[in-house]
Amino acid sequence: SLSSVSPLYSPNERVASASDSLASVGSLAGALDGWGGRPAPRARAANAEAKARSKALAAELAEFARRQPTPLRLEEILAMKTPEVLRTVLQEELPVRLANRIAHLDTLPSLEDVEEVCGVRADFLSAFKEVRQAEASGPEGFALALQHLKQRNSDHALRMTLGMKEWIQLRRAAGDPEQETRAFVDGFLDRLFLARLGIETLSSQYLALSSNPDGIVEQDCDPCKVCSRAADRVTEMASEYLRCVPRIEISYHGTDSARTLPLIPQYLFYIVAELLKNSLRAVGELHEAQGATGEPQPVQIRVASNESQVAVLILDRGGGIPFQRQPHIWSYLYSTAKGNRVCDKTGLILHQVAEPTDLAGYGVGLPLSRLYAEYLGGSLHLMSVPNYGTHAYVFLQQSSDREEALPTYVDWLRKRRLREDILNFEAKEKQAADCRDYAEALRLKTLAAEARVELSLLDQNARLEH
């Protein structure tokens, strides 16, 4: 569930770049001394101080964005038994991860035209400043900064998805190719949300250590119990939207010694709950559409394990997914809400009839579930047969020495500077050509071409690493 947003965050706050002023300069500049409209000495001093802080923040962000986040293994997280030990790690690691996310967002063309995305960026910037300032404020101040971070982070997935849906409309109006734009959005959000999971895990672990020596990690997590809790929650949720809710049957296949594994149970809960929401809705709606009597087909969860892996299989007889739509199920731009008209070719919603509900409609459940599985060192796969049903497979590793799955580092600030250089070179090339300084125009054209080649190589490396 989404927690309330911290009162420190204003939804209308817009921060376009790390070099923006940290204070309202306009109100200071309006304090005039009455002599020719010039700012009073105090106003000029405050203005200069704000610019200095802004410049220092931009330099600090650039420094941390150049660093690569360090993936931690689950056993390393478990070995940090006290908040003091973990705080030392987080004070080094969180600023790097937050700065990388800000730099990542800054690579988005026309960022300033989408309010939701600007608001999320403002949240990241506030979190970066608070975490850095909290280093000198002791354990209480650091814990408070992490609580604010989690509050702001709670609805970022939904806000970014809605913002990127607006952004893709802008790119479509600008004439960008549909398929390439869609692929860019899905890859962009995958990287952003995978990084978000790492920050969420570390901050939650720190806050939980005060009441639990293992924090949010469960050393002997029983996947069957997690599935049972998820089944109860989703059944209760589905009863508000379906006239007849299918039963959920859970079975275990394996030895008792291999039944449990070290795991963050809330992440498996999220994955299973999202898969069950899809299955219960598909089976329940098919049962109603067929006018069938009696109970609908049950949804089955089968948990199997050995000494190296645990597998969770969810099976339903809900009619499956049409073949032409299956390539789109991992997209953040696709939704299966009842009543919506969806383009079979692109997966985009052509006409949204149904309002999003807790059971369906936002389009983030499946792609986020796959990211959760990957972050845990596992994987999520779907196999669907039209007019029959869908099988979902979740695979998890037994070992606790698996590392966090984090997006491979790319120098986002370097890419941003290259795009700015290209625009600058092209503008100056045109000016030189207009003045018939053809030698200068040729030099600038060469510089722009070299910048494009370097930018292309960075994009190519990012795709290969992703």
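**Exercise 1. Is Glu130 buried or exposed?**

Start with the source of the coordinates: this is a predicted model.

Step 1. Locate the residue. Glu130 is found in helix α5, residues 115–134.

Step 2. Read its accessibility. The relative accessible area of Glu130 is 18%. Buried means under 20%. Glu130 is therefore buried.

Step 3. Look for a polar partner. The side chain of Glu130 makes a polar contact with the side chain of His148, at 3.1 Å.

Step 4. Turn to the helix itself. α5 has 20 residues. From first C-alpha to last, α5 reaches 28 Å, close to the 28 Å expected at 1.5 Å a residue.

Step 5. Check the surroundings of the helix. In α5, 15 of the 20 residues are buried, so the helix is largely enclosed by the rest of the structure.

**Exercise 2. Describe the chain as a whole.**

Step 1. Count the elements. The chain holds 13 helices and 9 strands.

Step 2. Ask how much is buried. Of the 466 residues, 47% count as buried.

Step 3. Take the surface. The accessible surface of the chain is about 22,500 Å². Carbon and sulfur atoms account for 52% of that surface.

Step 4. Consider the contacts. Take those between residues at least 6 apart in sequence: 76% of them join residues at least 24 apart.

**Exercise 3. In what order do the 5 strands of the open sheet lie?**

Step 1. Write the order. The strands run β2-β4-β5-β9-β8, and the pairing is mixed.

Step 2. Find the edges. β2 and β8 are the edge strands, since each pairs on one side only.

Step 3. Note the turn. Neighbouring strands of this sheet are turned by 15° against each other on average, direction ignored.

Step 4. Go through the pairs:

- β2 (residues 248–253) and β4 run parallel, joined by 6 bridges.
- β4 and β5 (residues 309–316) run antiparallel, also with 6 bridges.
- β5 and β9 run antiparallel, with 8 bridges.
- β8 (residues 379–385) and β9 (residues 389–397) pair in the antiparallel sense over 7 bridges.

Step 5. Recall the rule behind these labels. Strands of a sheet pair through backbone hydrogen bonds, either parallel or antiparallel.

Step 6. Add the helix. α9 (residues 223–238) lies across β2, β4 and β5. α9 runs at about 175° to β2.

**Exercise 4. Match residues across the sheet.**

Step 1. Begin at β2. Tyr252 has Val303 in β4 as its bridge partner. His253 stands opposite Ala304 in β4.

Step 2. Cross from β4 to β5. Arg302 stands opposite Leu313. Ser305 has Val310 as its bridge partner.

Step 3. Cross from β5 to β9. Ala311 is partnered by Phe395.

Step 4. End at β8. The bridge partner of Leu382 is Ala392 in β9.

Step 5. Inspect the hairpins. β4 and β5 form one with 3 residues between them. The hairpin of β8 and β9 also has 3 residues between its strands. In the β8–β9 hairpin, Asn387 takes a positive phi near 65°.

**Exercise 5. Which side chains of β4 point to the buried face?**

Step 1. Use the general pattern. In a regular strand the side chains alternate between the two faces of the sheet.

Step 2. Apply the pattern to residues 299–305. Val299, Ile301, Val303 and Ser305 point to one face and are buried.

Step 3. Take the other face. Gln300, Arg302 and Ala304 point there and are not buried.

Step 4. Move to the neighbour, β5. In β5, 6 of the 8 residues are buried, so this strand is largely enclosed by the rest of the structure.

**Exercise 6. Where does Gly363 lie, and which residues is it in contact with beyond its neighbours within four places in sequence?**

Step 1. Place the residue. Gly363 lies in the loop between β7 (349–351) and α11 (365–375).

Step 2. Check the burial. Its relative accessible area is 16%. The cut-off for buried is under 20%, so Gly363 is buried.

Step 3. List the contacts. Leaving aside its neighbours within four places in sequence, Gly363 is in contact with Ser331, Tyr332, Tyr334 and Ser335.

Step 4. Set sequence against space. Gly363 and Leu333 are 30 residues apart in sequence. Their C-alpha atoms are 6.3 Å apart in space.

Note on methods. Residues numbered from 1 in each chain as written. Predicted model: local features only at pLDDT ≥ 70, side-chain atom pairs only at ≥ 80, totals over all residues. Heavy atoms only, no water. Helix = DSSP H or I, 4+ residues; strand = E, 2+ residues; numbered from the N terminus. Buried < 20%, exposed > 50% of the residue type's maximum accessible area, 1.4 Å probe, protein only. Contact = heavy atoms within 4.5 Å. Pairing = 2+ DSSP bridges. Axes fitted to C-alpha atoms, helices over the stretch in contact; angles between N-to-C directions. Polar contact = N/O pair within 3.5 Å; in protein donor to acceptor, adjacent residues only side chain to side chain. Expected span 1.5 Å × (residues − 1). Areas by Shrake-Rupley, 256 points an atom, 1.4 Å probe, with all protein chains shown as cover.
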